[in-house]
Amino acid sequence: MTRLLSHTVDAADAGQRLDAVLAARGLFPSRSAAARAIDEGRVYVNGATVPKKHAVAAGDTLVFQAEDEPAPGPVTGQAIDLDIRFEDEHLIVLSKQAGLVCHPSVDHDDGTLVNALIHHCGADNLCNVQGDDDRLGIVHRLDRDTTGLMLAAKDDATGYALMADIRDRAVDRRYLALVHGVIAHDTGMIDAPIARAEKERTRMAVRDAASAREAVTTFRVLERFEHGPRDDGYTLVDCKLFTGRTHQIRVHMEYAHHPLVGDPVYRSRAPKDAAADLGLERQFLHSFQIAFAHPATGEELRFHDSLPADLQDVLDALAPRSTGRTPAGKEVLGA
């Protein structure tokens with residue numbers, strides 16, 4: 001049953017994040033639960049929706065929809081395969097498989113990357129820099145069906161350092177994406193703020209709204225594929241993230257009228273059944289390269305991850321339609 005409740009912010013909480021205050025005052029069972037409610041538009045500050053990072057002020061009136069539900073138990077370890085590419089006492093670099101959610105949520109109580117990390121390292125050997133025990137080790141995320149390289153931290157100092165490096169654009173994160181349509185220019189930049197969609201709260205969108213946050217993606221064309229009888233052609237791009245917004249590449253490429261092939265959500269202007277024709281059951285998005293300075297040693301680390309079989313099969317099927325690889329394509333994929 002849903003209840004409508006209110007809370008007045010006192011001076012002790014002034015300046016704190018909205019999601020943190022909701023959790024600290026016991027108004028939600030965890031900070032992640034509060035953040036979900038805020039993202040879904042179920043929390044109002046003085047009658048308006050705001051982002052979860054909004055700093056509250058003394059006297060603010062918080063009105064929120066709370067559902068009666070049992071408090072979640074502690075997140076436990078589960079024996080889930082991890083493809084670890086590097087590990088030391090400070091951090092882990094791993095390649096995430098398709099279908100693996102990064103942390104528990106309302107739809108995924110277990111079977112997540114956090115469960116796997118707890119099983120592998122132990123809960124006491126993972127950072128807790130996200131403010132919740134259900135996000136141990138997590139410093140950034142990949143969507144459930146996005147594959148490839150990501151980082152996890154074992155201690156708070158490393159976790160905070162990695163998050164700061166990501167925020168300061170010192171971590172080089174690159175993704176291979178196959179998009180609909182043929183992109184004419186070899187390079188491009190999408191600088192467009194992203195916020196929760198106005199009418200569909202589970203979607204993100206490019207918006208001119210107070211809650212929108214800066215989002216910058218650059219891309220290089222690697223290979224183009226001619227159009228077929230049921231599609232308008234394809235382009236393989238190397239996308240680089242300069243910010244880390246939710247669904248950023250997926251939102252930005254749809255905004256540029258080149259949605260990702262196989263994307264189940266951001267697919268406007270995508271030819272019907274094109275992904276099925278290619279045998280693809282998820283978005284074509286793979287974190288293929290990550291480079292950063294080790295927070296503890298200063299060593300420059302760089303990792304590369306080949307495409308998983310399902311995505312490589314798509315490129316193999318399209319190979320006869322290739323118009324040739326660009327110089328960037330030869331650099332990344334070979335001649």
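**Talking through a predicted fold**

Modeller: Let's start with helix H5, bearing in mind that this is a predicted model. The buried residues of H5 are Gln248, Ile249, Arg250, Val251, His252, Met253 and Glu254.

Biologist: How many of the residues of H5 are buried?

Modeller: The helix is mostly covered. Among its buried residues are polar names such as Gln248 and Glu254 alongside Ile249 and Met253. Out of 8 residues in H5, the number buried is 7.

Biologist: I see an arginine there. Is Arg250 buried or exposed?

Modeller: Arg250 sits in helix H5. Its neighbours, leaving aside residues up to four places away in sequence, include Asp143, Asp263, Tyr266 and Gln283. A residue is called buried under 20% relative accessible area. Arg250 has 5% relative accessibility, so it counts as buried.

Biologist: Which residues does Ile249 touch, not counting those up to four places away in sequence?

Modeller: Ile249 is one of the buried residues of H5, and it is also among the residues with the most contacts inside the largest nonpolar core. Its partners are Tyr175, Thr217, Cys239, Leu241, Leu260 and Leu285.

Biologist: Which residues have the most contacts inside that largest nonpolar core?

Modeller: The core has 30 residues. Strands E5 (91–96), E6 (147–153), E7 (172–180), E11 (216–225) and E12 (234–241), together with helices H3 (113–121) and H5 (248–255), each supply at least two of its residues. The ones with the most contacts inside the core are Leu113, Leu117, Val237, Cys239, Ile249 and Met253.

Biologist: Which element gives the largest share of this core?

Modeller: Several strands and two helices each supply at least two residues. The largest share is 5 residues, and the element providing it is H3.

Biologist: How many residues are in the second, separate core?

Modeller: This one includes Leu222, Leu236, Ala275 and Leu315. Its residue count is 20.

Biologist: How far apart in space are Val179 and Leu236, C-alpha to C-alpha?

Modeller: Val179 is in strand E7 and counts as buried, with 0% relative accessibility. Its contacts beyond four places in sequence include Val237, Met253 and Leu260. Val179 and Leu236 are 57 residues apart in sequence, and their distance in space is 6.4 Å.

Biologist: And how far apart in space are Leu91 and Thr158?

Modeller: Leu91 lies in strand E5 and is buried at 0% relative accessibility. Thr158 is one of the residues Leu91 touches, as are Phe86, Ala152 and Phe292. With their positions 67 residues apart in sequence, the two C-alpha atoms are separated by 7.2 Å.

Biologist: What is the relative accessible area of Ile290?

Modeller: Ile290 belongs to strand E13 (residues 285–293). Leaving aside residues up to four places away, it touches Val93, Leu149, Leu151, Val171, Asp172, Arg173, Leu301, Arg302 and Phe303. Ile290 is buried, with a relative accessible area of 1%.

Biologist: Where is His247, which has a positive phi?

Modeller: Most residues other than glycine have a negative phi. His247 has a phi of about 60° although it is not a glycine. Just after H5, His257 also takes a positive phi, of about 70°. As for His247, its place is the loop between E12 and H5.

Biologist: Is Arg169 buried or partly exposed?

Modeller: Arg169 also has a positive phi, about 65°, without being a glycine. It is found in the loop between helix H4 (156–167) and E7. A relative accessibility of 39% means that Arg169 counts as partly exposed.

Biologist: Stepping back, what is the radius of gyration of the protein chain?

Modeller: The chain holds 8 helices and 15 strands, and its C-alpha trace spans about 65 × 45 × 35 Å along the principal axes. A compact globule of 335 residues would have a radius of gyration near 20 Å. The chain agrees with that, at 21 Å.

Biologist: What percentage of contacts between residues at least 6 apart in sequence join residues at least 24 apart?

Modeller: Val179 and Leu236 have already given us a pair 57 residues apart in sequence. Across the protein chain, the share of such contacts joining residues at least 24 apart is 66%.

Methods: Residues numbered from 1 in each chain as written. Predicted model: local features only at pLDDT ≥ 70, side-chain atom pairs only at ≥ 80, totals over all residues. Heavy atoms only, no water. Helix = DSSP H or I, 4+ residues; strand = E, 2+ residues; numbered from the N terminus. Rg over C-alpha atoms; globule rule 2.2 N^0.38 Å. Contact = heavy atoms within 4.5 Å. Core = buried A, V, L, I, M, F, W, Y, C linked by side-chain atoms within 4.5 Å. Buried < 20%, exposed > 50% of the residue type's maximum accessible area, 1.4 Å probe, protein only.
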